Amino acid sequence: MLNYIFGFNARMGRLAFFFCTLVAGLGFVMLVYGITGNMPRGRTDVLLAQASNSPALIIAFYGLLVVCFMLQSMRVRDIGWDPVCVMAAWIALIVLDRAIAGRFPEYALTYQHTGTVVGALANAAMNLVLTFWPGGGSEEAPPLPRETSGDGLFERSSAPAAAGSRVARIANGEFGGKTR
């Protein structure tokens, strides 16, 4: 069920991913401006203080986080990678990067950041890959030829099973492709 909730089985092309991410980001900026009355620019500490007091912005932030996670998972699936592994590794990298920057502040980008240069570069590289890497499309393997004599539920393939083929070769005296 999580496959369908988080979009692990869906695919999304480059252009659709770019525009959906852009629309989600602009929508959130418009929501922040509508609730706080301030445009996010320059100093963000006042804006963050105002936003932390707004339950609507906190809910919208976590909603946007889920939407972006779903979009990225769909794009990773379209590239041909397994989103369960890739997204888990990406989250683990972000958590590890934050832990390193918190424990060793001299490795952080600035004294205000909670990430390192390596984490920022890895995050930028992943976002560039998601935006520009060509997708695999919805190419699927062609269906196997089937006999039409089945009842619909249990149809047999016309190709012999691999195990049955090996047993038949061994019974005929073939070992490793050579006959005796």
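Helices here are DSSP runs of at least four residues, and strands are runs of at least two, both numbered from the N terminus. Keep that in mind as you click through this predicted model.

**Stop 1: the whole chain**

Show the protein chain as a cartoon. You should find 7 helices and 2 strands. Trace the elements from the N terminus: the order is α-α-α-α-α-α-α-β-β. Now colour by burial. Of the 180 residues in the protein chain, 20% are buried.

**Stop 2: a nonpolar patch**

Select Leu15, Phe18, Phe19, Leu22 and Leu26, and turn on the surface. These residues form a nonpolar patch there. Together they offer about 490 Å² of accessible area.

Zoom in on Leu15, which sits in helix 2, residues 14-36. Is Leu15 buried or exposed? Its relative accessible area is 58%, so Leu15 counts as exposed, the cut-off being over 50%.

**Stop 3: the other end of helix 2**

Stay on helix 2 and select Thr36. Thr36 has 16% relative accessibility and is therefore buried; the limit for that class is under 20%. Next, add Ala51 to the selection. Thr36 and Ala51 are 15 residues apart along the chain. Draw a distance between their C-alpha atoms: it should read 7.0 Å.

**Stop 4: the largest pocket**

Go to the largest pocket, which holds about 1,500 Å³ of space. Select Phe61, Leu64, Leu65, Arg98 and Asn123 to find its centre. Among the 35 lining residues, these are the closest to that point.

Which helices each supply at least two residues of the lining? Pick out helix 2, helix 3 (45-52), helix 4 (55-79), helix 5 (83-103) and helix 6 (117-132). Helix 4 gives the largest share of the lining, with 8 residues.

Colour the lining by residue class. It divides into 21 nonpolar, 12 polar and 2 charged residues.

**Stop 5: the salt bridges**

How many salt bridges should you look for? The count is 2.

Start in helix 4, with Arg75 and Asp78 as sticks. Their side chains meet in a salt bridge, at 2.7 Å from N to O. The two residues lie 3 apart in that helix, about one turn. Both Asp78 and Arg75 are buried.

Then select Arg77 and Asp82. Here the side chains meet in a salt bridge at 3.9 Å, N to O. That distance still counts because the rule accepts a side-chain nitrogen of Lys or Arg within 4 Å of a carboxyl oxygen of Asp or Glu.

Are these two partners buried or partly exposed? Asp82 is partly exposed, because its relative accessibility is 35%. Arg77 has a relative accessible area of 22%, so Arg77 is partly exposed as well. Show both pairs together to finish: Asp78 and Arg75 are buried, whereas Asp82 and Arg77 are partly exposed.

Terms used. Residues are numbered from 1 along each chain as its sequence is written. This is a predicted model: local features need pLDDT of at least 70, side-chain atom pairs count only at pLDDT 80 or more; totals for chains, interfaces and linings use all residues. Side-chain values use heavy atoms; hydrogens and water are left out. Patches are made of residues with over 30% relative accessible area and no salt bridge: like charges are joined within 9 Å, nonpolar side chains (Val, Leu, Ile, Met, Phe, Trp, Tyr) within 5 Å. Accessible areas come from the Shrake-Rupley method with a 1.4 Å probe; for residues, only the protein chains shown count as cover. Buried means under 20% relative accessible area, exposed over 50%, partly exposed in between (1.4 Å probe, protein chains only). On a 1 Å grid over the protein atoms alone, a cavity is a set of points where a 1.4 Å probe fits but cannot get out, and a pocket is an open set with protein on both sides within 12 Å along at least five of seven lines; lining residues have an atom within 4 Å of a point. Grid points are joined across faces, edges and corners, and a volume is the space filled by probe spheres set on the points. Ala, Val, Leu, Ile, Met, Phe, Trp, Tyr, Cys and Pro count as nonpolar, Asp, Glu, Lys and Arg as charged, and the others, Gly among them, as polar.
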